[in-house]
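Here is a set of short exercises to work through with the model open beside you. Try each task yourself before reading its solution.

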Amino acid sequence: VVYKVQFKCSNGHYFYRNNSIEMLDVGKFVKVEADRGEDLGVITGACHMQDFVVEKCNRKIDIKVDLPRFGNIVRVATESERAQLPEKHRLEMYVVAMCKELAQR
C-alpha cells in the first residue's frame, strides 16, 4: 500500500510505504523517514501500489522490477508526539511574525 502523507509546513503531499502488515487509516499521524532523521505527518490518502503506478505513469509496469522509490513509514506517532504539535505551531508562528517585523525595519 502507498500512503499519501502531508506535513504541517507543506502544501504538498509525499508518498510512503508501510512495511508492516498493519493497515493505516486516513487521519492517522505517522513518523516517516526523513533526510535528517524522522518527521511527523498525517496520512491523507492510500492506494495499492499498482493503482498508484497506473495513475502516475498512465500505463501498467512491472512493480517488482520498476518499483518507484518511496520513503518508509517508521511507525504510528505516539500521543505525546501528537500533543507537541500545537505548541510547535505556536512557536513557529511567533518566529515568522518576529522575522517579518525585523524585515520591515
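The exercises below go from the overall fold to the strands, a pocket and three single residues.

Before you start, note that this is a predicted model, in which local features need pLDDT of at least 70 and side-chain atom pairs count only at pLDDT 80 or more, while totals for chains, interfaces and linings use all residues. Residues are numbered from 1 along each chain as its sequence is written, and side-chain values use heavy atoms, with hydrogens and water left out.

**Exercise 1. The fold**

Task: Find how many helices and strands the protein has, and in what order they run.

Solution: Begin with the DSSP runs, where helices are H or I runs of at least four residues and strands are E runs of at least two, numbered from the N terminus. They give three helices and five strands. Read from the N terminus, the order is β-β-β-β-α-β-α-α. Next, look at contacts (heavy atoms within 4.5 Å). Of those between residues at least 6 apart in sequence, 55% join residues at least 24 apart. Finally, turn to burial, where buried means under 20% relative accessible area, exposed over 50% and partly exposed in between, with a 1.4 Å probe and protein chains only. Of the 105 residues, 25% count as buried.

**Exercise 2. The partners of S4**

Task: Work out in which sense S4 pairs with S1 and S3.

Solution: Two strands pair if DSSP finds at least two bridges between them. Take S1 (residues 2–6) to begin with: this strand pairs with S4 (residues 37–47) in the antiparallel sense over five bridges. As a landmark, Tyr3 stands opposite Ala46. Then take S3 (residues 29–34), which also pairs with S4 in the antiparallel sense, over six bridges. Here Ala34 has Gly37 as its bridge partner, and a hairpin of two residues joins S3 to S4.

**Exercise 3. The largest pocket**

Task: Identify which element gives the most to the lining of the largest pocket.

Solution: On a 1 Å grid over the protein atoms alone, a pocket is an open set of points where a 1.4 Å probe fits, with protein on both sides within 12 Å along at least five of seven lines; lining residues have an atom within 4 Å of a point. The lining holds 14 residues, and Lys8, Asp39, Leu40, Gly41 and Leu85 lie nearest the centre. Two or more residues come from each of S3, S4 and helix H3 (85–104). S4 gives the most, with five.

**Exercise 4. Three residues in strands**

Task: Decide whether Lys31, Asn72 and Ile43 are buried or exposed, and list what surrounds them.

Solution: Start with Lys31 in S3. Its relative accessible area is 13%, so Lys31 is buried. Beyond neighbours within four places in sequence, Lys31 is in contact with Glu38, Asp39, Leu40, Ile73, Val74, Arg75, Ala77 and Glu81.

Move on to Asn72 in S5 (residues 71–76). Asn72 is buried because its relative accessible area is 15%. With the same neighbours within four places left aside, its contacts are Tyr16, Arg17, Asn19, Val32 and Glu33.

End with Ile43 in S4. At a relative accessible area of 1%, Ile43 is buried too. Not counting residues up to four places away in sequence, Ile43 touches, among others, Tyr3, Val5, Leu24, Val30 and Ile73. Lys28 is also on that list, and although Ile43 and Lys28 are 15 residues apart along the chain, their C-alpha atoms are separated by 5.6 Å.
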